[in-house]
Amino acid sequence: MHTLVFLSTRQVLQCQPAACQALPLLPRELFPLLFKVAFMDKKTVVLRELVHTWPFPLLSFQQLLQECAHCSRALLQERPSTESMQAVILGLTARLHTPESEAGTQPLCRKHALRVLDLTGLLDDGVEQDPGTMSMWDCTAAVARTCIAQQQGGAVEPGLAPVPVEVRVDLRVNRASYAFLREALRSSVGSPLRLCCRDLRAEDLPMRNTVALLQLLDAGCLRRVDLRFNNLGLRGLSVIIPHVARFQHLASLRLHYVHGDSRQPSVDGEDNFRYFLAQMGRFTCLRELSMGSSLLSGRLDQLLSTLQSPLESLELAFCALLPEDLRFLARSPHAVHLKKLDLSGNDLSGSQLEPFQGLLQAAAATLLHLELTECQLADTHLLATLPMLTHCASLRYLGLYGNPLSMAGLKELLRDSAAQVELRTVVHPFPVDCYEGLPWPPPASVLLEASINEEKFARVEAELHQLLLTSGRAHVLWTTDIYGRLAADYFSL
């Protein structure tokens with residue numbers, strides 16, 4: 001539904017030349033809605049002029065393109081239109097070419113000038129879709145080209161300096177894009193168009209390139225560092241981690257494959273691990289830590305004890321955790337603050353089950369998101385854990401994919417979870433009843449790769465759906481889709 005104000009705004013923008021002429025006469029309070037409507041309807045001429053004459057210090061996509069009182073459409077959950085994004089960048093360029101002295105004479109810029117253009121939060125689905133839309137990388141590249149072009153424009157005459165603007169972006173860097181983005185970051189130093197990275201995601205970058213990129217980032221702006229597919233080992237990480245630790249406001253650190261190098265003497269490996277721990281102790285604002293596929297058996301206490309403040313999100317997927325690791329975590333200050341916990345790929349079916357249950361009890365008051373993919377949890381383990389699991393009253397998301405659960409076990413979970421009124425998503429496995437000739441206990445690889453009986457699974461889906469309807473929980477999604485991007489990012493919790 002749209003409000004009358006929204007419909008009137010859309011009507012005003014039908015004639016773009018007239019709308020541009022009217023902008024100086026309109027209350028600045030209308031500009032946020034004008035921007036959303038122009039962006040949605042691809043009114044590129046108006047959009048460019050809105051950015052050029054923006055009357056507030058901040059223009060934030062996250063604020064302007066979300067669901068609002070006038071329009072329920074959340075544009076941030078869609079890939080942005082190429083035409084609209086190009087219009088925003090053209091408006092920014094026009095703004096940069098407006099001298100500060102001239103900007104002060106414009107009615108809408110008399111008291112305020114645009115200082116920050118925040119493009120963070122754009123949808124990053126990594127999938128090529130409509131050619132009329134832009135991916136997060138396309139948007140970043142367009143802004144980066146503007147930074148380079150602005151620097152290449154050369155010096156300006158005294159008194160004609162443009163109004164400086166800080167552009168906040170999320171950077172996704174790989175080997176192919178590294179040199180281009182490095183040049184953009186270098187060009188923005190001392191430029192009126194200053195590129196600031198909020199979240200850095202570096203994929204498979206050589207160690208020296210990762211360090212060079214980190215050295216160019218603004219320490220006051222960076223919120224997250226995510227190093228993916230960088231099989232650095234402890235030796236490589238000990239080189240990179242001091243450059244990451246200088247970001248004192250860093251809230252999220254995502255590392256992978258942190259383990260010793262079998263080719264190194266064990267003394268060197270221990271020295272590197274101790275150095276890594278010492279650097280981790282420098283972070284004062286860290287709230288999320290992801291250490292996926294890192295060999296942390298018996299070492300979790302050393303890692304978590306170095307941190308200065310409790311974590312709210314902890315991802316330890318495929319870390320070969322031992323019972324003592326889970327016991328330490330349950331007793332640590334982190335447990336009672338956890339909002340998100342990922343223990344995927346750790347065997348929780350044997351001696352780890354009891355300490356895992358203790359961890360659930362400790363985190364029950366705060367836990368919102370629990371990921372337990374491929375944890376070898378069968379019906380007996382799930383049923384024994386249900387009393388602790390259902391005490392997590394605020395839980396919104398539960399991931400159980402890749403576990404050997406039967407239809408009976410899933411039905412028991414569905415019934416017992418009725419008390420969890422905040423629960424919105426359950427990603428469950430294909431029940432073992434739907435496989436033919438399954439070995440027992442089935443390895444996770446078999447559950448993930450073996451074919452299922454489609455007719456049996458269709459009946460399972462229908463029965464689960466009927467149980468949800470009967471219990472008045474049709475709004476709760478039960479699905480086997482692990483690629484539906486249903487898992488929430490820590491910052492959106």
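**Exercise 1.** In this predicted model, determine how far apart in sequence and in space the salt-bridge partners D271 and R274 lie.

*Solution.* Begin with the side chains: those of D271 and R274 meet in a salt bridge, with an N to O distance of 2.4 Å. Next, locate both residues in the chain. They belong to helix α12 (residues 266-280) and are three residues apart, so about one helical turn separates them. Finally, consider accessibility. D271 has a relative accessible area of 36% and is partly exposed; R274, at 49%, is likewise partly exposed. Elsewhere, salt bridges with shared partners join R224, D226, R228, R254, E288, E315, K340 and D489 into one network. The structure holds 25 salt bridges in total.

**Exercise 2.** For the salt bridges R73 with E78 and E166 with R168, state whether each partner is buried or partly exposed.

*Solution.* Take R73 and E78 first. Their closest N and O atoms are 2.9 Å apart. R73 has a relative accessible area of 36% and is partly exposed, and E78, with 30%, is also partly exposed. Then take E166 and R168, whose closest N and O atoms lie 2.7 Å apart. The cut-off for buried is under 20% relative accessible area. E166 therefore counts as buried at 16%, whereas R168 counts as partly exposed at 29%.

**Exercise 3.** Describe how strand β6 (residues 252-256) is enclosed and how it pairs with β5 and β7.

*Solution.* Step one concerns burial: four of the five residues of β6 are buried, so the strand is largely enclosed by the rest of the structure. Step two concerns β5 (residues 224-228), which pairs with β6 in the parallel sense over three bridges. Within this pairing, D226 has R254 of β6 as its bridge partner. The chain passes from β5 through helix α11 (residues 233-245) to β6, a right-handed β-α-β crossover. Step three concerns β7 (residues 288-292): β6 and β7 pair in the parallel sense over five bridges, and L253 stands opposite L289 of β7.

**Exercise 4.** Identify which residues touch the most other members of the largest nonpolar core, and trace the contacts of L303.

*Solution.* The core comprises 143 residues, and those touching the most other members are F35, F61, V167, L253, F276, M280 and L303. Helix α3 (residues 31-41) gives the most to this core, with eight residues. For L303, set aside neighbours within four places in sequence; the contacts are then F276, L277, M280, L289, M291 and L296. Among these contacts is L289, the residue of β7 that L253 stands opposite.

Notes. Residues are numbered from 1 along each chain as its sequence is written. This is a predicted model: local features need pLDDT of at least 70, side-chain atom pairs count only at pLDDT 80 or more; totals for chains, interfaces and linings use all residues. Side-chain values use heavy atoms; hydrogens and water are left out. A nonpolar core is a set of buried Ala, Val, Leu, Ile, Met, Phe, Trp, Tyr and Cys residues joined through side-chain atoms within 4.5 Å. Buried means under 20% relative accessible area, exposed over 50%, partly exposed in between (1.4 Å probe, protein chains only). Helices (H or I, at least four residues) and strands (E, at least two) are DSSP runs, numbered from the N terminus. Contact means heavy atoms within 4.5 Å. A salt bridge is a side-chain nitrogen of Lys or Arg within 4 Å of a carboxyl oxygen of Asp or Glu. Two strands pair if DSSP finds at least two bridges between them. A crossover is right-handed if, with the strands pointing away from the viewer, the path from the first strand over the helix to the second runs clockwise.
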